[in-house]
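Me: I am new to protein structures. Could you teach me how to read disulfides?

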Amino acid sequence: VVGGVTAQPGAWPWMVSVQQAVPGGIGHICGGSLISSQWVLTAAHCFVGTGHTYYVVAGITYFNNPGPEAQLRHVRRILLHRGYDNDTMSNDIALLELDQPVQCGYHVQLACVPDASVRVSELTNCWVSGWGSTRAKSGHLPLGLQQAKVYLINLQVCNSSHWYAGAVHSHNLCAGYPQGRIDTCQGDSGGPLVCQAKNADYFWLVGVTSWGTGCARVRKPGIYTSTQHFYNWI
């Protein structure tokens with residue numbers, strides 16, 4: 001996350017790190033969100049290429065100091081959307097089944113996926129979180145989970161000629177700032193875009209971090225897969 005701040009432990013309790021085996025251990029590749037005790041919602045493009053062993057780590061804020069709340073699980077099964085297209089990034093959504101359920105508590109809780117009755121476009125208190133790059137074009141990953149407030153941007157605006165010029169799909173959400181500066185970035189993919197419910201204290205998981213041109217550029221906000229659009233698939 002570019003332009004964010006380090007989150008308080010337990011602030012985003014559905015947030016998980018999707019990791020894969022690397023020489024000498026496991027390493028973060030993408031974010032994800034717990035939607036049940038044994039299923040994580042994430043992005044399909046995180047799993048291009050096969051033969052890897054994947055893990056999910058829940059209940060952590062700092063990679064270098066996981067703490068007693070951390071829970072590590074093997075990924076038993078990866079379900080990619082059949083319509084996922086790596087070139088156009090359409091249908092960029094995936095589900096991970098864990099080998100064992102996580103134990104819910106203060107630091108580990110489930111996200112709420114909005115059905116058709118929720119008016120997502122009217123929600124204003126929206127946030128992204130992740131362990132992705134804090135600067136564009138840098139492989140520098142933060143030790144602590146980052147968070148940033150973003151605003152939903154109308155898809156017609158987002159698809160206009162000086163913005164994304166038609167590359168954004170109808171099943172996407174666009175979020176960030178016209179002037180850039182605050183955005184998701186490499187390593188944040190698959191993680192949550194959440195918006196606070198109207199007149200309530202809980203959040204809806206409205207988007208899955210998918211793609212963007214660079215990070216935090218002017219008129220190039222982050223593009224997210226709409227969870228509401230894929231509610232029945234989920």
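Here is a short tutorial on the cysteines and their pairing.

Reply: Happy to help! This is a predicted model, in which local features need pLDDT of at least 70 and side-chain atom pairs count only at pLDDT 80 or more, while totals for chains, interfaces and linings use all residues. Residues are numbered from 1 along each chain as its sequence is written, and side-chain values use heavy atoms, with hydrogens and water left out.

Me: What is a disulfide, and how many disulfides does a search of the whole structure find?

Reply: In general, a disulfide is a covalent bond between the sulfur atoms of two cysteines. Here a disulfide is a pair of cysteine sulfur atoms within 2.5 Å. Searching the whole structure gives four disulfides. One of them joins Cys126 to Cys195, with an S to S distance of 2.1 Å.

Me: Which parts does the pair of Cys126 and Cys195 tie together?

Reply: First, the vocabulary: helices (H or I, at least four residues) and strands (E, at least two) are DSSP runs, numbered from the N terminus. Cys126 lies in strand β8 (residues 126-130) and Cys195 in strand β11 (residues 192-196), so this disulfide ties together parts 69 residues apart in sequence. The torsion about the S-S bond of Cys126 and Cys195 is about 105 degrees, so the disulfide is right-handed.

Me: Is Cys126 buried or exposed?

Reply: Buried means under 20% relative accessible area, exposed over 50%, and partly exposed in between (1.4 Å probe, protein chains only). Cys126 has 0% relative accessibility, so Cys126 counts as buried. Cys195, also at 0%, counts as buried.

Me: Which cysteine does a disulfide join to Cys158?

Reply: Cys158 is joined to Cys174, with S to S 1.8 Å. Cys158 lies in helix α1 (residues 155-158) and Cys174 in strand β10 (residues 172-176), so the bond ties together parts 16 residues apart in sequence. Both Cys158 and Cys174 are buried.

Me: Where are Cys185 and Cys215?

Reply: A disulfide joins Cys185 to Cys215, at S to S 2.0 Å. Cys185 is in the loop between β10 and β11, and Cys215 is in the loop between β12 (203-211) and β13 (222-226), so this pair links distant parts of the chain, 30 residues apart. Cys185 is buried at 6% relative accessible area, and Cys215 is buried at 8%.

Me: Why is the sulfur of Cys112 not in a bond with that of Cys104?

Reply: The two sulfurs are 12 Å apart, too far for a bond. Cys104 is in no disulfide. At 48% relative accessibility, Cys104 counts as partly exposed, and Cys112, at 32%, counts as partly exposed.
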